[in-house]
Amino acid sequence: MAKKDDEVVKEGFMIKRSQNKKIYTPINYKQRWFVLNSKFLIYYDTDNEDKRKEKGRVELDNVHSIEASFTTVNYIEDNRPLTDSSFQIGYQESGQDYVLYLQVSSAKERSEWLLAIRTLCKYNKNLRLKYHFGIWNGKRWSCCKSTTRNSTGCENCSSWPISFEAKESAKESKGTSPQSNHIMPGGATPGTPSAKQKEKAAARPKIVIALYNYKAIETGDLSLEKNAEYEVIDDNQEHWWKVQDSHGNIGFIPSNYVKEKELIGLQQYEWYVNDMSRQRSESLLKQEDKEGCFVVRNSSTKGLYTLSLYTKVPHPHVKHYHIKQNAKGEYYLSEKHCCTTIADLINYHRHNSGGLASRLKTSPCDRSVPATAGLSHDKWEIDPQELMLLEELGSGQFGVVRRGKWRGSIDVAVKMMKEGTMSEDDFIEEAKVMTKLQHTNLVQLYGVCSKNRPIFIVTEYMRHGSLLNYLRRHEQSLTSNQGLLLDMCIQICKGMAYLERHNYIHRDLAARNCLVGSENIVKVADFGLARYVLDDQYTSSGGSKFPIKWAPPEVLNYTRFSSKSDVWAYGVLMWEVFTCGKMPYGRLKNTEVVEKVQKGLILEKPKMCYKEVYDVMRKCWSQLPETRPSFRVLKEQLVTVAQRLLVD
């Protein structure tokens, strides 16, 4: 499955050579902070996200070659040789060829960068058979002396689109030039790939495997069967791909329901829950309440996994086991029982407890499936006659919210907007864009019913309702589970970091505007909706409807909303979470709260809150917006706190 456009695949410092896009550009080498996502390789002057400036970017679709540089073909310039930790990326921009020369700290790190970039570029239509292993010095190529910048390369490209891992392994073990013939495992000599091999690599279809069942309702969509394979025909759109099934049927499917076959790994197994935290896994298994029920999740230590197992002996509790590897690369929970894969290890312990509290028996049933970006491909306008309205879920500033069924099968929440409360035309235009915002911790906007009045806003249904009510209902059990409360805060922070990257400001972030779903998933709702409210009182510090207790000084004084004002509100939301839904500032009147905030006074530390968590809240309440951390930084700090305070 393709990554989100802005999701970071890899990042780190590298030394970059100037690209000489202008004839008289001086040659220099500078350390830059590189960030790789599914669309771009971007470089900045520093790794500080709040202060950094973008210095340039390469669009991955324009990349035609990604090659390692070795000492035997190095080009010495200003006493700077290209070494076994350097590589180059060839690409076109406005019809002109350019090469980005990069150097990292080790051959291992270079291999990691090569793998990451090549994986994202392997289906590029403009991949080349040859490249220039030398440097363009403004007048000619140093390798072949050609005086044409766009001239055909003089060295054969490596065969990474066909067999990247074997090729790269051979290069790393030999440490020799791309001109050498490397012996690959099994005795094959790649040498120079033929044109047919290159064409075959470029034409190789992209095969995906369905992670969930999906029932196509709308014309043009295609149903998915879990674990079945599909050939991708068109993946240019982020959220909906056109695929073909084994019977030749073609249609659109939600891209987050599938995974590339060669990348699927553990995601094909129902017992794997990816990045679920320790606290959420415990809650999920306790709800199931079955001896031997288990999940495998990512450990807090990157690259490792943890098995979480529910047992009733001697009393109901969840045990957590690190899945370890020996020197041979085999996986084990007990050194006496080693397996070549994690799947084999799980299968073994299904039949033998092998030192565990219980043998592995079942995985939690009724696992939630992800929401799709819209109810169908390119659909954001919803016919109200296709909606069956059920019980009322709540009411608020904008109107009544009811549970509904779309076409009798898909659970939705329907917000029935009060007439005259919002700038409807502006919001409808924005809704077209907002349906494309998709994140695990954002309530998915499916679409709107805009042909009639009142307008309906149709969103993902969250079974446990608002976070505020959830905290208050479960105060007794949550008070003693600080880990789960911290996990809720981290989830919200992840959703807000996504909005921040997309330049969306919430304006009304609070526990009442977050929702809780199955498996203790918490999602941010109603993001950006406040911008379309027509009621002046809502955006005036003098009105009771204005969320004063969540507002920073710059909003109270000047009505200046930004991501940094959202950060202040997030600190208040964290306080709500760790007090299990208490009202911020107690019974103080709004005027008293405004006076208190303007004097720099802040909320006190909740009784059951870790000091380290309260320290993060305090950072959110910095008087100057520019000194507040970004949501990305907040997320990293909270994850670090969780790792330090909680056992994995």
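**Exercise 1. The protein as a whole**

What percentage of the 648 residues of the protein count as buried? Work this out for the predicted model shown above, then describe its elements and its surface.

*Solution.*
- Step 1. Begin with burial: 50% of the 648 residues count as buried. A residue earns that label when its relative accessible area is under 20%.
- Step 2. Move on to the elements. The protein has 14 helices and 26 strands.
- Step 3. Now take the contacts with a separation of 6 or more. Of these, 57% are between residues 24 or more positions apart.
- Step 4. Finish with the surface. The accessible surface of the protein is about 30,600 Å², and carbon and sulfur atoms hold 47% of this.

**Exercise 2. Two loop residues and their partners**

Find aspartate 61 and histidine 377 in the structure, and say which residues each of them touches.

*Solution.*
- Step 1. Look for aspartate 61 in the loop between strand E4 (54-59) and strand E5 (63-69).
- Step 2. Is aspartate 61 buried or exposed? Its relative accessible area is 47%, so it falls between the cut-offs of 20% and 50% and is called partly exposed.
- Step 3. Set aside residues up to four places away in sequence, and aspartate 61 touches Asn124 and Asn126.
- Step 4. Compare sequence and space: serine 38 is 23 residues from aspartate 61 along the chain, and their C-alpha atoms are separated by 9.6 Å.
- Step 5. Turn to histidine 377, which sits in the loop between helix H5 (342-351) and E20.
- Step 6. Leaving aside neighbours within four places in sequence, the contacts of histidine 377 are Asp221, Gln237, Trp240 and Phe252.
- Step 7. Take one of those partners, aspartate 221. It is 156 residues from histidine 377 in sequence, yet the C-alpha to C-alpha distance is 7.0 Å.

**Exercise 3. A pocket and its lining**

Describe the second largest pocket: its volume, its lining, and the domains that supply the lining.

*Solution.*
- Step 1. Start with volume. The second largest pocket has about 1,100 Å³.
- Step 2. Go to the centre. The pocket is lined by 50 residues, and Lys415, Arg512, Asn513, Leu515 and Asp526 are the closest to its centre.
- Step 3. List some elements that give two or more residues to this lining: among them are strand E20 (387-395), strand E22 (410-417), helix H6 (424-434) and helix H7 (467-473).
- Step 4. Sort the lining by class: 25 residues are nonpolar, 14 polar and 11 charged.
- Step 5. Check the domains. Domain 4 (384-460) and domain 5 (466-646) each supply at least three residues.

**Exercise 4. Spaces inside**

How many cavities of 30 Å³ or more does a search of the whole structure find? Describe the largest and the second largest.

*Solution.*
- Step 1. The search finds 6 such cavities.
- Step 2. The largest cavity holds about 90 Å³ of space. Its lining includes Arg507, Asp508, Trp550 and Phe561.
- Step 3. Helix H11 (residues 563-578) gives the most to that lining, with 3 residues. By class, the lining has 8 nonpolar, 1 polar and 3 charged residues.
- Step 4. The second largest cavity has a volume of about 70 Å³. Of its 12 lining residues, Gln19, Val99, Tyr101, Trp136 and Arg149 lie nearest the centre.
- Step 5. Here strand E7 (residues 96-103) gives the most, with 4 residues. The classes are 6 nonpolar, 3 polar and 3 charged.

**Exercise 5. Unusual backbone angles**

Which peptide bonds to proline 314 and proline 454 are cis, and what is the sign of phi at asparagine 503 and arginine 507?

*Solution.*
- Step 1. Recall the background: most peptide bonds are trans, and most residues other than glycine have a negative phi.
- Step 2. The bond from valine 313 to proline 314 is cis, with omega near -5°. Proline 314 is in the loop between strand E16 (305-311) and strand E17 (317-325).
- Step 3. The bond from arginine 453 to proline 454 is cis too, with omega near 0°. Proline 454 is in the loop between strand E23 (445-449) and E24.
- Step 4. Asparagine 503 has a positive phi, near 60°. It lies in the loop between helix H9 (482-501) and E25 and, at 68% relative accessibility, counts as exposed.
- Step 5. Arginine 507 has a positive phi as well, near 80°. This residue lies in the loop between H9 and E25, and its relative accessible area of 22% makes it partly exposed. You met Arg507 in the lining of the largest cavity.

Notes:
Residues numbered from 1 in each chain as written. Predicted model: local features only at pLDDT ≥ 70, side-chain atom pairs only at ≥ 80, totals over all residues. Heavy atoms only, no water. Buried < 20%, exposed > 50% of the residue type's maximum accessible area, 1.4 Å probe, protein only. Contact = heavy atoms within 4.5 Å. Areas by Shrake-Rupley, 256 points an atom, 1.4 Å probe, with all protein chains shown as cover. 1 Å grid on protein atoms, 1.4 Å probe; cavity = no way out; pocket = protein on both sides within 12 Å on 5 of 7 lines; lining within 4 Å. Points joined across faces, edges and corners; volume = space filled by probe spheres on them. Nonpolar A, V, L, I, M, F, W, Y, C, P; charged D, E, K, R; others polar. Domains from an automatic or database assignment.
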